Amino acid sequence: MNTNQFAFEQAFGTPKQLPPSSLPEVAFAGRSNVGKSSLLNCLLRRRALARVSSMPGKTITINFYLGEGIRLADLPGYGYAKRSQGEYRRFADLMDFYFTSQRNIALVVQLIDIRHPPSQDDRVMLSFLREMNLPFVIVLTKSDKLGPTQFARRMDELRAELAASGAREIIAFSSETGLGRAELWQAIAAAAQ
Ligand SMILES: Nc1nc2c(ncn2[C@@H]2O[C@H](COP(=O)(O)OP(=O)(O)O)[C@@H](O)[C@H]2O)c(=O)[nH]1
Ligand SMILES: [Mg+2]
């Protein structure tokens, strides 16, 4: 995968703006602060293509990146407590529209922090992906934050907890060390073929 080919395409804030598309698309989902922007920058080997934010959940947009015949869709982070009811509605509408419109979603990459049990929102998202029959992988972020013993323990626990989730793969990832990067690209390339 030539990552230099990827560039920011467009951001969409309301469902009405989102045109149908047949290009294979890989969507990235997860709660705010899970490390989604960092993962995208790591995947594309860019320092700040997807902004790494110290103010989680600030913008409610879907950001698209285009390259190598694939479109990457950076979905808005969920579970951001400080969102108003109006903002939450906008978020839910946008997500709903994205997943039910005429788009060729080849793979969803569901991010979960390796250090914590999946949140209620993560569980809702996982059941949704399964019910919609969407192909998805689970990526466990921030793996570098654990020592070898804790890492092994969390992998065992999460593999057991997520065994029935329907995920194609569970990939340990670190944007700091690049752990899991090759594996994730492999899953993306296979799905987008
Ligand atoms: N140590 C470590 N920190 C990470 C990793 N990924 C993200 N972070 C940090 O977690 C915070 C949130 O990351 P960000 O990518 O903005 O999360 P987003 O809200 O999901 O887009 C930032 O302070 C990042 O530097 C990782 O793999 N390892
Ligand atoms: Mg982000």
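**Entry 1. Overall form**

I began with burial and found that 37% of the 193 residues of the protein count as buried. I note at the outset that this is a predicted model. I then looked up the radius of gyration: a compact globule of 193 residues would have a value near 16 Å, and the protein has 16 Å, which agrees. Along its principal axes, I found that the C-alpha trace spans about 50 × 40 × 35 Å. For the contacts with a separation of 6 or more, I recorded that 76% are made by residues 24 or more positions apart.

I listed the secondary structure next and obtained five helices and seven strands. Along the sequence, I read their pattern as β-β-α-β-β-α-β-α-β-α-β-α.

**Entry 2. The sheet**

I traced the strand order of the sheet. The seven strands form an open sheet, ordered S1-S3-S4-S2-S5-S6-S7, with mixed pairing. Strand S1 (7-12) and strand S7 (170-172) are at the edges; each has a single partner strand, so one side of each is left without a neighbour in the sheet. I noted an average twist of 25° from one strand to the next.

I went on to individual pairings. Strand S2 (residues 21-29) runs parallel to strand S4 (residues 70-74), and four bridges link the two. I looked up the partner of phenylalanine 28 in S4 and found aspartate 74. Strand S3 (residues 62-67) is antiparallel to S4, with five bridges between them. Here I found asparagine 63 opposite aspartate 74 in S4. In the hairpin of S3 and S4, two residues lie between the strands, and glutamate 68 has a positive phi near 50°.

I also checked S5 and S6, which run parallel and are joined by six bridges. The bridge partner of valine 108 in S6 is phenylalanine 136.

**Entry 3. Two covered strands**

I asked how many residues of S4 are buried. The result was five of its five residues, and I entered S4 as mostly covered. Ile70, Leu72 and Asp74 point one way from the strand, Arg71 and Ala73 the other way, and all are buried.

I repeated the check for S6, where six of its six residues are buried. Phe136, Ile138 and Leu140 point to one side of S6, while Val137, Val139 and Thr141 point the other way; all are buried.

**Entry 4. Helices against the sheet**

I looked up which strands helix H3 (residues 120-131) touches as it packs on the sheet, and found S2, strand S5 (103-113) and strand S6 (136-141). The direction of H3 makes about 150° with that of S5. Helix H5 (residues 181-192) lies across S2, S4, S5, S6 and S7. I noted an angle of about 160° between H5 and S5.

I then turned to H1. Seven of its eight residues are buried, so H1 is largely enclosed by the rest of the structure. I listed the buried residues of H1 as Lys36, Ser37, Ser38, Leu39, Leu40, Cys42 and Leu43. These buried residues pack against S2, S4, S5, S6 and H5. Just after H1, I found arginine 45 with a positive phi of about 50°.

**Entry 5. The shell around ligand 1**

I examined the 19 residues around ligand 1 and found that Gly35, Lys36, Ser37, Ser38 and Ser175 come nearest. Which helix gives the largest share of this shell? I found that helix H1 (residues 36-43) does, with three residues. Lys36, Ser37 and Ser38 also appeared among the buried residues of H1. By class, I counted three nonpolar, 11 polar and five charged residues in the shell.

**Entry 6. Threonine 61**

I closed with a single loop position. Threonine 61 lies in the loop between H1 and S3. Is threonine 61 buried or partly exposed? I found 16 other C-beta atoms within 10 Å, and threonine 61 is therefore partly exposed, since a buried residue would need 20 or more and an exposed one would have 12 or fewer.

Leaving out residues up to four places away in sequence, I found threonine 61 in touch with Ala11, Phe12, Gly13 and Pro76. I also looked up its separation from alanine 73, which is 12 residues away along the chain: the C-alpha atoms of threonine 61 and alanine 73 are 10 Å apart.

Methods: Residues numbered from 1 in each chain as written. Chains lettered and ligands numbered in written order. Predicted model: local features only at pLDDT ≥ 70, side-chain atom pairs only at ≥ 80, totals over all residues. Near = placed C-beta within 6 Å. Nonpolar A, V, L, I, M, F, W, Y, C, P; charged D, E, K, R; others polar. Pairing = 2+ DSSP bridges. Axes fitted to C-alpha atoms, helices over the stretch in contact; angles between N-to-C directions. Contact = placed C-beta atoms within 7 Å. Rg over C-alpha atoms; globule rule 2.2 N^0.38 Å.
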